[in-house]
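Okay, thanks for coming, everyone. Let me put the structure up and then walk you through a few spots in it.

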Amino acid sequence: MMILGIVVFAVGLLFSIAWHELGHLSTAKLFGIRVPQYMVGFGPTLWSRRKGETEYGVKAIPLGGYIRMIGMFPPGPDGRIEARSTSPWRGMIEDARSAAFEELRPGDETRLFYTRKPWKRVIVMFAGPFMNLILAVVLFLTVLMGFGISQQTTTVSSVSQCVISQTENRDDCREGDPASPAAAAGLKAGDRIVAFDGVRTDDWNELSDLIRAHPGETVSVVVDRDGGERTLEATIVTNQVAKKDSHGQIVQGEYVTAGFLGFSAATGVVKQDFGDSVVWMTDRVGEAADALAALPGKIPALWNAAFDGAEREPDSPMGVVGAARVGGEIFTLDIPPTQQLAMALMLVAGFNLSLFLFNMLPLLPLDGGHIAGALWESLRRNVARVLRRPDPGPFDVAKLMPVAYVVAGIFVCFTLLVLVADVVNPVRIS
C-alpha cells in the first residue's frame, strides 16, 4: 500500500508537470511562436517523438519540465547573438541569448518569442502556472463536493466534567475545579447541537465562535437527541481557550480569554456545497501564500531537523521525496479507501497550488520573472509613447541572467536541504 501511494503521487506529479507545460505550449503555438521541444522531466531522454515541428518526450528526472521556444531573448545592441565576451557575467548573458537562437531556421524571424507583444508573452508565461491553478481547483472541488472532508461537527463527542484552562496540560478534574457548563446543563455525548442562543447552525466554527462570544451569559442550547429536539440552558463561563486565526484554525501555543461551554466536538466526513468549497479554497490559498512568505524563516529549523536531530515541525517545507512519502503513508492509514483516495487527491491539489504560487514569484528563471519583464517593457513603451519619445524597444531580459543564476543556485541549495530532511527526518502524518 505504501508503494501504491507513492505511485499514485508520482503519476499525479508527472501529470501536473505535463499539464503545466501544456499551458505554455498551447498558447505559444496559438501566437505563432515556434516550439522545438516539449519535455517532461530533466536529464537523459527516456522517450521522445517528433510531431510536426515539435519534439515531445519524457526525461529521466521527474522534477520539472520545460518547453523550448526560439527567441526567448532579443539580440544584443549590435544585433548579434553569439557569445563575444570573456567576462563571466557577460558570458552568462550571451550564452543565454545564443541558446535562444540556436535552432533558428530560415523563416523563423517572425516566430520569435521576444517579437510578440508584451500581453501575448504574459499570457504564454502565465498559462503554465494557471494550468496548475485550474487543476488544483478541479481536484479540490472533486474532493470537497464528491468525497467530503474530515472536520469537526456540532455533534458532541465527550463532555468535560469540570472547567480546566487549556493552558494547563491536564484533562483530569481536581478538587476545587468548577463543574463545566455543559455538564451542568445536561449535555450528553451523541447530542447534536442545532441552535445556540437562538441561532441555528450546523457549522462547528460558527458554533465555536458563538460560544466564545457569550462569556458570563445564560443561553439556550437546542440539541437533537434520539431524533427529537431538546432545549437546555447553560451559563457560559470565562476560560483560557486556544486562539484561532482568521481561517478558524487553532494557533498552537497561543490562548485567549473567551466563553467556554465544555465539550469536545466529534469529527466526521462532511460533503461541502459549492459556496463552502469556494470559501475553503480561498482560505487555503491565503494559507499557502502565507507559508510561501514564511519559507525563509523556516530554514534554520529545517537545517536542525536535517543535521542536528531536531524534531521535524509539522508545517516544515517538503520536497517531492517528502510528499511522495506522505502519499505512500496515506494509503497505509486505517481509513476507508475512498478517504485514502480523497487525501491523495488533496495532496496533488496542494502540490499544484504551491506550483502556481511559486512560479508567480517575479524572479527569473521562474515564469513570474518573464511576466515581470514583459510588463516592465509594456510600461516603458507606453510611457515613451505618452511622452512622445522614441520606442525603447524590447526589454532585454537576458541582462538579468546573472541574477537568475543566483536565484537558481539558492533554489538548488534549498531543494537539497529539503531532500536531506525528507530522507533522514521526514514529515509523518500518522
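**Aromatic pairs, two helices and an arginine**

Phe263 is buried, with a relative accessible area of 11%. Before I go on, keep in mind that this is a predicted model. So who sits beside that ring? Phe263 pairs with Trp204, and the geometry is edge-to-face, with 5.8 Å from centre to centre and 85° between the planes. Trp204 belongs to helix H5, residues 204–212, while Phe263 belongs to strand E10, residues 263–270, so the pair ties together parts that lie 59 residues apart in sequence. Trp204 is buried too, at 16% relative accessible area, because the cut-off for buried is under 20%.

How many aromatic pairs are there by this rule? The count comes to 11. Another one to look at is Tyr38 with Tyr56, a tilted pair at 5.6 Å centre to centre, with 55° between the planes. Here Tyr38 is in strand E1, residues 37–51, and Tyr56 is in strand E2, residues 54–68, 18 residues apart. On accessibility, Tyr38 counts as buried at 10%, whereas Tyr56 comes out as partly exposed at 22%. There's also an aromatic cluster made of Phe126, Phe130 and Phe356.

Okay, on to helix H6. H6 runs over residues 274–293, which is 20 residues, and at 1.5 Å a residue that should span 28 Å; the end C-alpha atoms are 29 Å apart, so the two agree. At the start of the helix, a side-chain oxygen of Asp273 comes to within 3.2 Å of the backbone nitrogen of Gly275.

Which residues of H6 are buried? Those are Ser277, Trp280, Met281, Asp283 and Arg284. They cover an arc of only 160° around the axis, which means they sit on the same side of H6. What does that buried set pack against? The partners are helix H3 (118–147), strand E3 (149–159) and helix H9 (337–359). Turn to the face pointing away from the buried side, and you find the exposed residues Asp290 and Ala293. Two of the buried residues also meet each other: Arg284 lies over the face of Trp280, at 4.6 Å from the ring centre.

Now compare that with helix H8, residues 320–330. Eight of its 11 residues are buried, so H8 is largely enclosed by the rest of the structure. The buried set is Gly322, Ala323, Ala324, Val326, Gly327, Gly328, Glu329 and Ile330. Around them, the packing partners are helix H1 (2–30), H9 and helix H11 (401–424). You've met H9 already, since the buried residues of H6 pack against that helix as well.

Last stop, Arg312. Where is Arg312? You'll find it in the loop between helix H7 (299–307) and H8. Is Arg312 buried or exposed? Arg312 is buried, with a relative accessible area of 8%. As for polar partners, a polar atom of the Arg312 side chain lies 3.1 Å from the backbone oxygen of Ala421, and a polar contact of 3.0 Å joins the side chains of Arg312 and Asp422. Leaving aside residues up to four places away in sequence, Arg312 touches Leu302, Ala305, Pro317, Met318, Ala421, Asp422, Asn425, Pro426 and Val427.

That's what I wanted to show you, so let's open it up for discussion.

Terms used:
Residues are numbered from 1 along each chain as its sequence is written. This is a predicted model: local features need pLDDT of at least 70, side-chain atom pairs count only at pLDDT 80 or more; totals for chains, interfaces and linings use all residues. Side-chain values use heavy atoms; hydrogens and water are left out. Helices (H or I, at least four residues) and strands (E, at least two) are DSSP runs, numbered from the N terminus. The expected span of a helix is 1.5 Å times one less than its number of residues. Buried means under 20% relative accessible area, exposed over 50%, partly exposed in between (1.4 Å probe, protein chains only). The arc is that of the directions from the helix axis to the C-beta atoms. Contact means heavy atoms within 4.5 Å. A polar contact is a pair of N or O atoms within 3.5 Å; within protein, one must be able to donate a hydrogen and the other to accept it, and residues adjacent in sequence count only if both atoms are side-chain atoms. Rings of Phe, Tyr and Trp (its six-membered ring) pair if their centres lie within 6.5 Å; planes under 30 degrees apart count as stacked, over 60 as edge-to-face and the rest as tilted. A charge sits over a ring if NZ of Lys or CZ of Arg is within 6 Å of the ring centre and within 35 degrees of the ring normal.
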